[in-house]
Amino acid sequence: MKYLALFRGVNVGGKNRLSMAELKTCLEGMGLKNVRTYINSGNAVFEADEQANQVRRKIEQALAKKFTFDSDLIKVLVISKEQLAAIVRSAPKGFGETPEVYYSDVAFLIDEDAQKAFDAFELNPEVDTIWMGEGVIYYRRLGALRTKSRLSKIIGKPVYKNMTIRNWNTTKKLLALLEQD
């Protein structure tokens, strides 16, 4: 099966430095096939024979053995190509279609209840709009007023430790990588 692994807490604010070349080598050393990484924020696509939860546990164990990280920050989400395709397909109407007007992000939830995560977000009604999806929160900010967005307020909440955020362009690019032969 083809999978996407999203790594939460790597290469953020100078903490938990992880080169994508080292990550790729680590994942290949675990026996994952056709490993490709994308940008430095901790994204990898690969093929594996096991189920997503088994792969996730193996990745987390391998990271803990090979690298020294602040373990409270590091989490891994492994989802299938089909799951990511459903997330992209299920986005709210028009989401991400006008990047010159709106900044669009997806908060991927890691072992977190979507309603609890949704309720934790604070919004500035002039700027922010959110929607709940299957295992994700879609977040859109009006670009002209983005400095007034309240998206950054989620960082101080406990639920933030159970999510990793990617912009819409990255999300779509990761799906395109998974769909390549």
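## A partly exposed residue between strands 2 and 3

I39 has a relative accessibility of 42% and therefore counts as partly exposed, the cut-offs being under 20% for buried and over 50% for exposed. The model described here is predicted. I39 is located in the loop that links strand 2 to strand 3 (43–47). These two strands form a hairpin with five residues between them, and within this hairpin I39 adopts a positive phi near 45°. I39 is a residue other than glycine.

A positive phi also occurs at N34, where the value is near 50°. N34 is likewise a residue other than glycine, but its position is within strand 2 (residues 33–37).

## The sheet of strands 2, 3, 1 and 4

The hairpin strands belong to an open sheet of four strands, arranged in the order 2-3-1-4 with antiparallel pairing. Strand 2 and strand 4 occupy the edges; each has a single partner strand, so one side of each has no neighbour in the sheet. From one strand to the next, the twist averages 20°. Strands of a sheet pair through backbone hydrogen bonds, in either a parallel or an antiparallel arrangement.

Three bridges connect strand 2 with strand 3 in the antiparallel sense. One residue of this pairing is K33, whose bridge partner in strand 3 is E47. On its other pairing, strand 3 is joined to strand 1 (residues 2–8) by five bridges, again antiparallel. Here A5 lies opposite A44 of strand 3, and L4 lies opposite V45 of strand 3.

How far is strand 3 enclosed by the rest of the structure? Four of its five residues are buried, and strand 3 is therefore largely enclosed.

## Helices packed on this sheet

Helix 2 (52–66) lies across strand 1, strand 3 and strand 4, and its direction is at about 150° to that of strand 4. Helix 3 also packs on the sheet, where it touches strand 1 and strand 4. The direction of helix 3 makes about 90° with that of strand 4.

L18 belongs to the loop between strand 1 and helix 1 (20–29). With a relative accessible area of 2%, L18 is buried, because buried denotes a value under 20%. L18 and T68 are 50 residues apart along the chain, and their C-alpha atoms are separated by 9.8 Å.

## The second largest pocket

The second largest pocket holds about 270 Å³ of space. Its lining consists of 16 residues, and those nearest the centre of the pocket are L77, V78, I79, Q83 and L109. Helix 2, strand 4 (75–80), helix 3 (81–89) and strand 5 each contribute at least two residues to the lining.

What is the chemical character of the residues lining the second largest pocket? The lining comprises 10 nonpolar, three polar and three charged residues.

## The sheet of strands 6, 7, 5 and 8

Another open sheet is formed by four strands in the order 6-7-5-8, with antiparallel pairing. Its edges are strand 6 (128–132) and strand 8 (163–167); each has a single partner strand, so one side of each remains without a neighbour in the sheet. The twist from one strand to the next averages 20°.

Within this sheet, strand 5 (residues 102–109) and strand 7 (residues 136–142) run antiparallel and are joined by seven bridges. One of the paired residues is D105, whose bridge partner in strand 7 is Y139. In a regular strand, side chains alternate between the two faces of the sheet.

## Helix 5 and the buried residue T171

Helix 5 lies across strand 5, strand 7 and strand 8, and runs at about 90° to strand 8. T171 is part of this helix, which spans residues 168–179.

Is T171 buried or exposed? Its relative accessibility is 0%, and T171 therefore counts as buried. When neighbours within four places in sequence are set aside, T171 is in contact with L84, V88, V106, F108 and R166. Of these contact residues, L84 and V88 fall within the range of helix 3 (81–89), V106 and F108 within that of strand 5 (residues 102–109), and R166 within that of strand 8 (163–167).

Technical notes. Residues numbered from 1 in each chain as written. Predicted model: local features only at pLDDT ≥ 70, side-chain atom pairs only at ≥ 80, totals over all residues. Heavy atoms only, no water. Buried < 20%, exposed > 50% of the residue type's maximum accessible area, 1.4 Å probe, protein only. Contact = heavy atoms within 4.5 Å. Pairing = 2+ DSSP bridges. Axes fitted to C-alpha atoms, helices over the stretch in contact; angles between N-to-C directions. 1 Å grid on protein atoms, 1.4 Å probe; cavity = no way out; pocket = protein on both sides within 12 Å on 5 of 7 lines; lining within 4 Å. Points joined across faces, edges and corners; volume = space filled by probe spheres on them. Nonpolar A, V, L, I, M, F, W, Y, C, P; charged D, E, K, R; others polar.
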